[in-house]
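Trainee: Could you go through the cysteines in this model with me, and then one serine?

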Amino acid sequence: MAAAGPSLPGCRSHVTHTMAETLLQASRQRRAKAMTAAAGSAGRAAVSLLLCALLALGGAYVLDDSEGLGREFDGIGAVSGGGATSRLLVNYPEPYRSQILDYLFKPNFGASLHILKVEIGGDGQTTDGTEPSHMHYALDENYFRGYEWWLMKEAKKRNPNITLMGLPWSFPGWLGKGFNWPYVNLQLTAYYVVSWIVGAKYYHDLDIDYIGIWNERTFDSDYIKVLRRMLNYQGLQQVKIIASDNLWEPIAASMLLDPELLKVIDVIGAHYPGTHTVKDARLTEKKLWSSEDFSTLNNDVGAGCWARVLNQNYINGYMTSTIAWNLVASYYEQLPYGRCGLMTAQEPWSGHYVVESPIWISAHTTQFTQPGWYYLKTVGHLEKGGSYVALTDGLGNLTIIIETMSHKHSKCIRPFLPYFNVSRQYATFILKGSFSEIPGLQVWYTKLGKPSERFLFKQLDSLWLPNGSDSFTLELQADELFTLTTLTTGTKGSYPLPPKSQPFPRIYKDDFNVDYPFFTEAPNFADQTGVFEYFTNMEDPGEHRFTLRQVLNQRPITWAADAYNTISVIGDYKWSNVTIKCDVYIETPQTGGVFIAGRVNKGGILIRSARGVFFWIFANGTYRVTGDLAGWMIYALGQADIRAKKWYTLTLTIKGHFSSGMLNGKPLWTNVPVNFPKNGWAAIGTHFFEFAQFDNFYVEAMG
């Protein structure tokens, strides 16, 4: 499909296509994109340009490098983690998993991201789940846990030049020595973080470019200095420090008051800055990044948000990099911030995924720039709303990005966006300096809004500038995005449509019999507190040799309100009537306990207040049925022949307003009333942070 509109009278439009003529007949008075570039004789060209100039009742904007350039561009990126946002991606079957990765990372194909920022798993709940640490315990090191290593390698495979960043959200509990605080022993925490960087290189040949401090939490100036010294001691001088992944203050003021701190921090990273910075941050003369932004539903409003901040973060706030949370929405949609990724891939069981509009918004910048390019000094706002930036590689190439996102269609999830107006306008761009001889520009176009008017990253006819002409005029409407560039390498990549969306299978089972698992976590289980990993049970060479084990024995240094019980959810949130069956093994005598559950209605940062139907057994010979994870709402309790170090089979059936449970196939409790919630996930978990094993998980949903 092609996008265009009516030409200006007397002006040759280079954006008119057959499809656009059809569009025009349906909405002649509505929208246009007129580009003045003449064709034919020089005289005719002069008349056309004059007429276009007369009609171009709008601003004139000079793009010039004669007086030098602006700040160096550091790239556009996205976050995997913070947390468990890529959890379901790893379970996708091929070829769909590789297609998703291509849309994210392959140069000149889709989002073509310049930066991948990952969570350094710390075993704690960090928004939509937990990510495992490479050091669960003090003497434990394993650089194959989780999926961020794999994701970084896949990104590098597609783009060897991609920038890699690591940032902790939570930390394993042993670092706190009894306190919920990572700065008890500065050297120990620095060692923990540096070991992750060293492990990335040693085991995966990954060079980490930037390392952060503690996501959206307190920084410690002495810790940052210790971290820098330890990096240098390990020969990692090239690894740069970004701080503090929170607000501009107090980090900026602290740097101005502390020359050593100023020296060791390379980049100030702020979250959700609303396109603005502060004076202290500018006075440091450091690079300024929006190191987490977006977090918005990936519909067209989210795309409008993303388009606006990608331009205006630099125009208003001098930020030379913007990083979206999150990379891909690969987590159960009913978890917090569902579908807040650049694209959606939350159905590994079906293979279905959606290339959402923020992917193509990203492409408008990423496919026509690279880190190391420079912004021009001549960037800014359009007279009647919207903005423009221009970047150059210093070798003659120029990329101009123009956005006219309206207030209504570009609200991000945060911060508050003051009202502004965008109206139809003509914008004339005048090329000066080394750009005055550019003969023509490639044109890429997006229009967000009504389906009948909507176009995503469409290549239009090239804009040719006749000899002697150093300007062109665009007619701009609201919610449009233009990229005009000398680069000819842009592509709107595509694959055949993926399979249709399907609900989670109504009957699902997993015996965890995987001898050498590629990933440490079982497919589709989404850990919400604690960490559940494949385990080889050397003590039981028989039926339960391969199990799923909860491996944390200590509460992590938390980032969010982790539950006091561990829990992993699975399935379809719409499930109401279910039977859940699982073999369980309590490892802790007397105080240990495990559960299976249905209709679990909350997860992520809300997990502590999750409701549902929870069937518990304890090593002290008791059972309990509760309506919440915390165990305050007791529906039933009693004695049972249960002890630690022995396998039991639990069965939970929930139908309508009643539930019942069986122990080893025999009824233990029946017809316990359940009025709330009406639906939710299935789940397994433990009474506290304790070792326990699960096997032969089975769920059957009846509706």
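Mentor: We can take the cysteines and then turn to the serine. This is a predicted model, in which local features need pLDDT of at least 70 and side-chain atom pairs count only at pLDDT 80 or more, while totals for chains, interfaces and linings use all residues. Residues are numbered from 1 along each chain as its sequence is written, and side-chain values use heavy atoms, with hydrogens and water left out.

Trainee: How many disulfides does the structure hold?

Mentor: There is one, a disulfide being a pair of cysteine sulfur atoms within 2.5 Å; C305 and C412 form it, with their sulfur atoms 2.1 Å apart.

Trainee: And which parts does the pair tie together?

Mentor: C305 lies in helix α10 (residues 300-317) and C412 in the loop between β17 (398-403) and β18 (425-431), so the pair links parts that are 107 residues apart in sequence; helices (H or I, at least four residues) and strands (E, at least two) are DSSP runs, numbered from the N terminus.

Trainee: Is C305 buried or exposed?

Mentor: C305 counts as buried because its relative accessibility is 0%, where buried means under 20% relative accessible area, exposed over 50% and partly exposed in between (1.4 Å probe, protein chains only). C412, at 13%, also counts as buried.

Trainee: Switching to S568, where does it lie?

Mentor: S568 lies in strand β27 (residues 566-570), and with a relative accessible area of 0% it is buried.

Trainee: What does its side chain reach?

Mentor: The side chain of S568 reaches the backbone nitrogen of A526 at 3.4 Å.

How values were computed: A polar contact is a pair of N or O atoms within 3.5 Å; within protein, one must be able to donate a hydrogen and the other to accept it, and residues adjacent in sequence count only if both atoms are side-chain atoms.
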